[in-house]
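Thank you all for making the time this morning. I would like to walk you through a structure that is new to most of us, so please have the sequence and the model open as I speak.

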Amino acid sequence: MKKLATWFIQNRRDFPWRHNPTPYHVWISEVMLQQTQGPRVVDFYNRWMKRLPTLKSVAEAPLEDLLKLWEGLGYYSRVRSIHHAAKDIVERFNGALPNNAADLSSIKGLGPYTVGAILAFGFHQKQPAVDANVARVLARYFALSDDISKATTLKKFRELTLSVLPDNDPHIVAEALIELGAVICKKRPECTRCPLKQDCKAFKEGLQESLPVKSLKIAYETLYRDVAVVMHDEHLLVRQGKKGIACSGLYEFPYFDGPVAGRAGDELGSLLQNELQLDANFEYCLDDEKQSFTKYRVTLYPKFFRSQSKTAILDHVWVHKHDIGALTFSSGHKRLLDNILEES
Ligand code: SF4
């Protein structure tokens with residue numbers, strides 16, 4: 001693993017969360033990095049740290065501010081969880097993340113990976129932080145056919161990680177494993193430029209493409225939504241996602257689940273009339289948008305309407321286009337909004 005540490009020191013990507021990280025910096029960056037690649041997180045991270053430089057400032061900020069800072073990253077339950085956890089940490093641990101696994105694990109929302117990452121990178125302890133990247137590297141390096149979608153395998157891999165971490169500066173190898181999985185030992189590994197290739201069992205045996213074994217596939221659900229972008233003068237009609245659904249609390253344009261190819265403009269106009277008692281004239285189709293959240297893959301079919309009045313509609317609000325940027329939208333609706341504002 002010495003070669004891996006040397007490779008990492010010479011080649012690590014320069015991310016802001018790697019500059020003198022505190023446990024708080026590690027925590028926020030690790031949550032942002034879940035299911036998102038490093039380069040995409042940089043702007044979100046910098047924006048967050050500028051506005052919320054301390055854990056205490058997170059606990060004191062309104063949730064709406066946190067959601068706005070998170071807008072575009074997706075998986076909004078994570079930011080709610082951060083807010084909740086920050087309050088808990090202020091209350092129980094005087095505003096500082098604790099430096100041991102037992103206390104960290106008692107904070108709701110902190111799973112084994114995040115706990116390991118905070119201890120390893122924030123406190124420089126010899127602790128395993130096993131994410132999908134590390135699991136892939138280890139499965140190949142040791143040529144293990146354990147199913148990485150099983151919790152028992154991840155437990156085994158945590159122990160395995162611990163066994164390969166050196167006593168001196170263990171955090172360097174712990175982070176190097178993650179980096180290697182992100183940039184070289186990817187789904188399609190680039191073994192010829194890998195610092196571990198001489199000792200990697202999968203590479204020696206030609207198994208690198210068939211490992212790791214992952215039996216559990218996520219069953220994605222496809223949805224099609226007809227979205228009505230309704231304008232009156234310079235006001236747009238929006239609503240907040242209902243509580244209990246994936247995008248709850250986030251703003252969106254009114255939409256109706258619909259057929260695979262979407263509805264015609266007149267048909268959508270009739271729905272506005274029947275469901276929202278809103279008279280609006282269909283003008284034109286906007287570009288389709290894709291949206292992903294949790295297990296859903298959504299196609300949005302947006303259409304532009306004009307209304308003659310700002311009819312009051314239950315659970316909906318009319319917002320001036322100059323003020324609408326302050327609201328937090330779900331990802332697909334946000335792109336839609338940006339396009340509309342750019343055009344208008
Ligand atoms: S040699 Fe190939 S399979 Fe082995 S760790 Fe390196 S990139 Fe992964």
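I will begin with the surroundings of the ligand, then turn to a pair of helices, and end with the strands.

Please keep in mind throughout that this is a predicted model. Around the ligand there are 14 residues, and the closest of them are Cys 185, Cys 191, Cys 194, Cys 200 and Gln 208. If we sort this shell by class, we find 11 nonpolar residues, one polar and two charged. Two helices, helix 9 (132-141) and helix 12 (201-205), each supply at least two residues of the shell, and helix 9 gives the most, with three.

Helix 9 also brings us to the next topic, since helix 9 packs with helix 11, residues 170-183, at an angle of about 85 degrees, their axes being 8 Å apart. The two helices are therefore roughly perpendicular to each other. On the side of helix 9 the contact is made by Asn 133, Val 134, Arg 136 and Val 137, and on the side of helix 11 by Leu 177, Ile 178, Leu 180, Gly 181 and Ala 182.

Which strands, then, pair with strand 7 in the antiparallel sense? Strand 5, residues 280-285, does so over five bridges, with Cys 285 standing opposite Lys 303, and strand 6, residues 289-293, is likewise joined to strand 7 by five bridges, running antiparallel. In the hairpin of strand 6 and strand 7, which has two residues between the strands, Thr 294 takes a positive phi near 35 degrees. Strand 1, residues 221-232, runs parallel to strand 7, residues 296-307, and is joined to it by 11 bridges; here Asp 226 stands opposite Tyr 301.

Key: Residues numbered from 1 in each chain as written. Predicted model: local features only at pLDDT ≥ 70, side-chain atom pairs only at ≥ 80, totals over all residues. Near = placed C-beta within 6 Å. Helix = DSSP H or I, 4+ residues; strand = E, 2+ residues; numbered from the N terminus. Nonpolar A, V, L, I, M, F, W, Y, C, P; charged D, E, K, R; others polar. Axes fitted to C-alpha atoms, helices over the stretch in contact; angles between N-to-C directions. Parallel < 35°, antiparallel > 145°, perpendicular 65-115°, else oblique. Contact = placed C-beta atoms within 7 Å. Pairing = 2+ DSSP bridges.
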